[in-house]
Amino acid sequence: MPEYDRFSRFYDAAMDDPGPRADYVSGCIDRYLPAATSLLELGCGTGSILARLTSPTSLTGLDRSTGMLEVARGKVPGARLLEGDMQCFSLGERFDVVISVFDSLNHLLTFDAWQSMFDAVHEHLVDGGLFVFDVNTLGEIRRLGDEPPWVDDFDSGVLIMDVSFAEDESPDLTSQWDIRIFEHVGSSRFDLHHEVIGELGVSLERVKGALEPKFALLEETDENGNTPTDESVKAHFAYRRVP
Ligand SMILES: C[S@@+](CC[C@H](N)C(=O)[O-])C[C@H]1O[C@@H](n2cnc3c(N)ncnc32)[C@H](O)[C@@H]1O
């Protein structure tokens, strides 16, 4: 079963408000490509971002989890939703904007896979097209790994998320996100749904170096609006495709 399939039914209730993520994407489009008419989201999940975008008008989402896409189909009936792997895909068309947010990129577990996705993004953008994405930084993954598990008491039950990581010779950081959802199914009965999701942390210098030849940086910002570092919580980027 692909990652997120067990989690998909609970994802929207258990996760943060997607509004600020969608606002960031809309802000980048307004600033850098207001005439955009087509957008592709890689790792679109349950469609929370696509559902909040008022432009562009032609929306496509790609995700590898059937369960997440099923939820998305109910939320964004007007979008084209495709099952596939964002590491390597070929849709035979180009878009004005490609986005990948809420650390979807971190879910690719080797830096080669990140580079392969950047190549695919380049192939699917029009000249001058916009690539907007965010990542969990190395510092944030280490902090989450050092902290006690995160517990969320939400409508359908309780979610416990425990992040661990292993340091080795690699410049990148592999982490495992152990997610247990105790679904409340009766007065004192709970069903357990268990997933382990991997995330890779990569230094921002390495990320920017990989993009440089094919994309021009438009803006980079952390969660407070400052220039991001490897110790920020999040790093948000907007790039323009160069031929
Ligand atoms: C943290 S969720 C983000 C969902 C959505 N972007 C949002 O902001 O709510 C990450 C999503 O990436 C998807 N994903 C992970 N690896 C993928 C891959 N190799 N190809 C396509 N989708 C992938 C997962 O199935 C999941 O839906």
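This passage looks at how the predicted model splits into domains and how the strands around β4 are arranged.

In this predicted model, the protein chain falls into two domains. Domain 1 is built from two stretches, 8-136 and 203-241, while domain 2 takes up residues 139-200. Measured in the model's own terms, 23 Å separates the C-alpha centres of domain 1 and domain 2. Where the domains meet, 18 residues of domain 1 are in contact with 15 residues of domain 2. On the domain 1 side of that contact, helix α1 (residues 8-14) supplies the largest share, namely three residues. As for chemical character, the residues on this side of domain 1 come out as seven nonpolar, six polar and five charged.

Turning to the strands, β4 (residues 95-100) has pairing partners in β1 and β5. With strand β1 (residues 38-42), β4 pairs in the parallel sense, and three bridges link the two. One residue pair to look up here is L39, whose bridge partner in β4 is V97. Strand β5 (residues 125-136) also pairs with β4 in the parallel sense, this time over five bridges. On that side, I99 has V132 in β5 as its bridge partner. To get from β4 to β5, the chain passes through helix α4 (residues 111-124), making a β-α-β crossover that is right-handed.

How much of strand β4 is buried? Six of its six residues are, so β4 is largely enclosed by the rest of the structure.

Conventions: Residues numbered from 1 in each chain as written. Predicted model: local features only at pLDDT ≥ 70, side-chain atom pairs only at ≥ 80, totals over all residues. Domains from an automatic or database assignment. Contact = placed C-beta atoms within 7 Å. Helix = DSSP H or I, 4+ residues; strand = E, 2+ residues; numbered from the N terminus. Nonpolar A, V, L, I, M, F, W, Y, C, P; charged D, E, K, R; others polar. Buried ≥ 20, exposed ≤ 12 C-beta atoms within 10 Å, placed from the backbone. Pairing = 2+ DSSP bridges. Right-handed = clockwise from strand over helix to strand, strands pointing away.
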